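Reader: I am new to this structure and would like a close look at a single part of it. Please take the site that holds the metal and work outward from there.

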Amino acid sequence: MGRIDLHLHTTHSDGSLRPADILTLAQKAGVTALAITDHDIMDALPEAIEAGNQLGIEVLPGVEISSFDGKGELHILGYCLNWRDETLQSRLALLRASRHRRNPLIIERLQALGLELTYAEVRALAETESVGRPHIARLLMEKGYVTSAKEAFDRYLAEGRPGYVARELPTPAEAISWIRDAQGVAVLAHPTWVKESDNALPAFVRALKDNGLGGIEVHYSTHTQQQTTRFLELAKQFGLLVTGGSDFHGLTKPDIEVGAGRGNLKVPEQLLAPLKEAAARS
Ligand SMILES: [Zn+2]
Ligand SMILES: [Zn+2]
């Protein structure tokens with residue numbers, strides 16, 4: 001039975017590989033279907049579909065939208081959206097614009113710490129409109145200030161660190177409705193990010209479902225067996241779809257592989273049909 005990978009990032013957001021290169025890796029990993037889920041942008045889709053057609057890999061439209069629920073960031077994945085929808089595209093453009101307001105403020109903070117870098121250098125390195133902290137991290141690596149993206153986040157860029165600047169983000173309910181407005185299925189990404197106690201988690205998931213959430217990313221590169229089981233139970237309890245993916249980024253997360261995560265990820269192919277059926281109904 002084949003595997004799928006419904007969470008991948010390309011050079012169109014903060015990944016380091018082009019869509020066609022990811023498709024090549026996916027084929028080597030035995031992936032039969034995938035979704036590119038770049039942050040706030042869907043520009044990878046045409047190249048991914050073309051490469052997928054050549055390699056016999058199904059490519060679903062996807063996106064990942066960051067949201068803020070009052071306690072922390074939650075990421076909402078969108079699948080099978082009508083990616084040409086003008087309302088969706090203008091909403092994604094607004095999210096990217098908020099990145100361009102935030103990033104120069106981060107650069108100012110880093111400069112105040114004595115680091116020599118400019119936002120123009122970050123823009124040149126990023127080659128995309130969806131510029132984020134991982135691009136700043138990569139520039140810090142290239143300049144020798146840090147040796148890994150993780151170190152850049154731990155020392156400068158993560159929440160609570162001296163280079164951190166908050167970004168204006170939609171609520172989870174807004175992100176979900178934007179995806180649904182474009183006939184997509186909204187899925188809670190890497191649910192370990194939810195800052196709720198074990199006891200409060202079911203009510204939290206129920207509230208998201210009431211807002212239109214369609215699924216949970218049960219299978220994920222860093223999930224323990226226990227976490228996978230827990231999220232699978234939650235999905236069953238609330239009648240939510242089960243999805244999964246590696247969250248591959250290339251250089252920014254060098255321990256994560258397409259299709260296989262840290263080596264033990266296998267997202268079953270059988271999850272694809274229910275997702276597509278749900279999208280067809282929406
Ligand atoms: Zn995410
Ligand atoms: Zn992601």
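Author: What follows begins at the metal site and moves through the strands around it to the pocket and a few other places.

The model is a predicted one. The zinc ion (ligand 1) has three protein donors, Glu64 through OE, His75 through ND1 and His190 through NE2, lying 2.1 Å from the ion. Along the sequence these donor residues follow the spacing E-x10-H-x114-H. The two histidines bring distant parts of the chain together: His75 belongs to strand E5, His190 sits in the loop between E6 and H8, and 115 residues separate them. Both His75 and His190 are buried. Glu64 also forms a bridge between the zinc ion (ligand 1) and the zinc ion (ligand 2), and the two ions are 3.5 Å apart.

Strand E5, the home of His75, is a good place to continue. E5 covers residues 73–79, and seven of its seven residues are buried. Glu73, His75, Leu77 and Tyr79 point one way from E5, while Leu74, Ile76 and Gly78 point the other way. The donor His75 therefore shares its direction with Glu73, Leu77 and Tyr79, and with under 20% relative accessible area as the limit for a buried residue, each of these counts as buried.

On one side E5 pairs with E4, in the antiparallel sense and over seven bridges. Across this pairing, Glu64 stands opposite Leu77 in E5. The hairpin of E4 and E5 has four residues between its strands, and there Gly70 takes a positive phi near 100 degrees.

E5 also pairs with E6, again in the antiparallel sense, with four bridges between them. Ile76 has Leu188 as its bridge partner in E6, and Gly78 has Ala186. Strand E6 itself spans residues 185–188: Val185 and Val187 point one way, Ala186 and Leu188 point the other way, and all are buried.

From E6 the pairing goes on to strand E7, residues 215–220, which runs parallel to E6 and is joined to it by two bridges. Leu188 stands opposite Ile216 in E7. Between the two strands the chain passes through helix H8, residues 201–210, and this β-α-β crossover is right-handed.

The next subject is the open space in the model. The largest pocket contains about 1,200 Å³ of space. Of the 43 residues in its lining, His75, Arg133, Phe153, Trp193 and Lys253 are the closest to the centre. His75 thus appears both in this group and among the donors of the zinc ion (ligand 1). Two or more lining residues come from each of strand E4 (62–68), E5, helix H3 (86–112), helix H5 (133–142) and helix H6 (149–157). H6 gives the most, with four residues. By class, the lining of the largest pocket divides into 14 nonpolar, 14 polar and 15 charged residues.

There is also enclosed space. The structure holds one cavity of 30 Å³ or more, and the largest cavity has about 40 Å³ of space. Ile36, Asp38, Ile41, Met42, Ala44, Leu45 and Gly62 line it. Five of the lining residues of the largest cavity are nonpolar, one is polar and one is charged.

Elsewhere, four strands form an open sheet in the order E3-E2-E1-E9, with mixed pairing. Strand E3 (58–60) and strand E9 (267–268) stand at the edges; each has a single partner strand, so one side of each has no neighbour in the sheet. Strand E1, residues 3–8, pairs with E9 in the antiparallel sense over two bridges. In that pairing, Ile4 stands opposite Val267 in E9.

Two loop residues complete the tour. Glu127 has a positive phi of about 55 degrees although it is not a glycine. Glu127 lies in the loop between helix H4 (119–126) and H5, and its relative accessibility of 65% makes it count as exposed. Gln183, likewise not a glycine, has a positive phi near 60 degrees. Gln183 is found in the loop between helix H7 (172–181) and E6, and at 34% relative accessibility it counts as partly exposed.

Key
Residues numbered from 1 in each chain as written. Chains lettered and ligands numbered in written order. Predicted model: local features only at pLDDT ≥ 70, side-chain atom pairs only at ≥ 80, totals over all residues. Heavy atoms only, no water. Buried < 20%, exposed > 50% of the residue type's maximum accessible area, 1.4 Å probe, protein only. Pairing = 2+ DSSP bridges. Right-handed = clockwise from strand over helix to strand, strands pointing away. Donors = N, O, S within 2.8 Å, 3.2 Å for Na, K, Ca; no water. 1 Å grid on protein atoms, 1.4 Å probe; cavity = no way out; pocket = protein on both sides within 12 Å on 5 of 7 lines; lining within 4 Å. Points joined across faces, edges and corners; volume = space filled by probe spheres on them. Nonpolar A, V, L, I, M, F, W, Y, C, P; charged D, E, K, R; others polar.
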